[in-house]
Amino acid sequence: MKALPWTPVLLLAFLASAAPASADLGDILFKRKTTEGNEYPPAKFPHSVHRYQFTCYVCHDNIFLMKAGANAVSMDAISKGKYCGVCHNDTKDAPAFGSTFESCQRCHQP
Ligand code: HEC
Ligand code: HEC
Ligand code: HEC
């Protein structure tokens with residue numbers, strides 16, 4: 001019974017030590033870099049969903065520089081298989097849903 005009070009302390013210590021690696025990464029709301037399609041809802045990138053499946057290095061800095069707004073992401077580039085399109089493309093080997101007319105709103109949530 002004497003050991004009991006230590007349990008939460010150790011648990012907290014463990015969580016604190018684990019915290020930096022799993023630092024809360026928020027959603028990235030893309031700011032428009034093109035004048036085209038300004039009426040369209042901006043694209044949102046949920047870090048958390050992607051973190052379950054990939055380590056940071058899969059994207060940083062191979063696909064994306066680690067700074068909001070630092071990448072010239074556009075629909076054109078995505079369609080050419082760059083940026084989000086590395087994974088979100090319409091090929092059968094793609095690990096994620098494609099960028100087709102059925103999926104616009106999964107990224108551009110109104
Ligand atoms: C699936 C790809 C992907 C993975 C995996 C990923 N990120 Fe990112 N990260 C992005 C994108 C996209 C952006 C936004 C880039 C932009 O706005 O041009 C970003 C931006 C960032 C930023 C900048 C935030 C800001 O406000 O400037 C940091 C810091 C970051 N990521 C850290 C991480 C860390 C740490 C991990 C691993 C725990 C990680 N990311 C995993 C895609 C990813
Ligand atoms: C390294 C591969 C990879 C890259 C790069 C990537 N994604 Fe994903 N994304 C995935 C996978 C895998 C899933 C989960 C499977 C699925 O839903 O198809 C996913 C899921 C999502 C979801 C659905 C989240 C949910 O709640 O269901 C959104 C939205 C999304 N990605 C947006 C983006 C955007 C925007 C970008 C570019 C800024 C991006 N992704 C770049 C692999 C990637
Ligand atoms: C995998 C996520 C994803 C999907 C799916 C997606 N987009 Fe995008 N879209 C983005 C990102 C990221 C940007 C770049 C940031 C921005 O300008 O909002 C973008 C940019 C845009 C823009 C701004 C102008 C441009 O060309 O860059 C428009 C308009 C747009 N998307 C429309 C669409 C339409 C319509 C669909 C469905 C056919 C679609 N998007 C599907 C992520 C996505």
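Here is a walk through the surroundings of the two ligands, and then a look at one buried residue, V73. Keep in mind that this is a predicted model.

Let's start with ligand 1. Around it sit 19 residues, and those that come nearest are H50, C56, C59, A68 and N71. If you want to trace this shell by secondary structure, look at α2 (residues 47–51) and α3 (residues 56–59), the elements that each give two or more residues to it. Sorted by class, the shell around ligand 1 holds twelve nonpolar residues, five polar ones and two charged ones.

Now move over to ligand 2, which has 21 residues around it. Here F45, C84, C87, A96 and F97 come nearest. Two or more residues apiece are given to this shell by β2 (44–46), α2, α3 and α5 (104–107). So far as class goes, you'll find 17 nonpolar residues around ligand 2, along with three polar and one charged. Notice that α2 and α3 turn up again: they are listed for the ligand 1 shell and for the ligand 2 shell.

Finally, have a look at V73, in the loop between α3 and α4 (75–79). Is V73 buried or exposed? It counts as buried, because 21 other C-beta atoms lie within 10 Å, and the cut-off for that label is 20 or more. Setting aside neighbours within four places in sequence, V73 is in contact with F30, I78, Y83 and C84. That last partner, C84, is also one of the residues that come nearest to ligand 2. V73 also has R32 across from it in space: their C-alpha atoms are separated by 9.0 Å, although the two are 41 residues apart along the chain.

Key:
Residues numbered from 1 in each chain as written. Chains lettered and ligands numbered in written order. Predicted model: local features only at pLDDT ≥ 70, side-chain atom pairs only at ≥ 80, totals over all residues. Near = placed C-beta within 6 Å. Helix = DSSP H or I, 4+ residues; strand = E, 2+ residues; numbered from the N terminus. Nonpolar A, V, L, I, M, F, W, Y, C, P; charged D, E, K, R; others polar. Buried ≥ 20, exposed ≤ 12 C-beta atoms within 10 Å, placed from the backbone. Contact = placed C-beta atoms within 7 Å.
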